[in-house]
Amino acid sequence: MPCNVDIATQEILKLAEEADPDGIRTMGVLTKPDLATEKATQDAVIDLVKGRRNNLKLGYCVVKNRSADDDTSSMSDRLAAEQAFFMAPPWSSVADRCGVPSLQLRLRELLMEISKC
């Protein structure tokens, strides 16, 4: 879900709630944090990631992909730019849930938990 739109009105959350009413199997992935320029919007996203405003037991992760116009940067360039973005406030307060590497780690952990059952 894009960070720069009202999260509560996202159709995907309604679909997820139908499939997972208790929110125990759904993890949210927020995108485009660079477009969330207003402090109130950033604060709302931070609250979601910190678990203050959500019913998803697996929480949320935030990723920043390269722009649609960027067709020349390498994967390492993109990862470095994403890491630099998330090192700055307000994102630095939830750095453990920000970035593609963090999302990969979280998904790996979840897969391992599921595999042990």
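Me: Which residues does UniProt list for "domain: Dynamin stalk"?
Reply: This is a predicted model, in which local features need pLDDT of at least 70 and side-chain atom pairs count only at pLDDT 80 or more, while totals for chains, interfaces and linings use all residues. Residues are numbered from 1 along each chain as its sequence is written, and side-chain values use heavy atoms, with hydrogens and water left out. In an unreviewed entry, whose annotations may be inferred rather than shown by experiment, UniProt gives this domain as residues 45–114.

Me: Is arginine 52 buried or exposed?
Reply: Arginine 52 sits in the loop between helix H2 (39–49) and strand E2 (60–62), where helices (H or I, at least four residues) and strands (E, at least two) are DSSP runs numbered from the N terminus. Buried means under 20% relative accessible area, exposed over 50%, and partly exposed in between, with a 1.4 Å probe and protein chains only. Because its relative accessible area is 56%, arginine 52 is exposed.

Me: Which element supplies the largest share of the largest nonpolar core?
Reply: A nonpolar core is a set of buried Ala, Val, Leu, Ile, Met, Phe, Trp, Tyr and Cys residues joined through side-chain atoms within 4.5 Å. Of the 16 residues in the largest one, Cys3, Leu30, Val45, Val49, Tyr60 and Val62 touch the most other members. H2 and E2 each supply at least two residues of this core, and the largest share, four residues, comes from H2.
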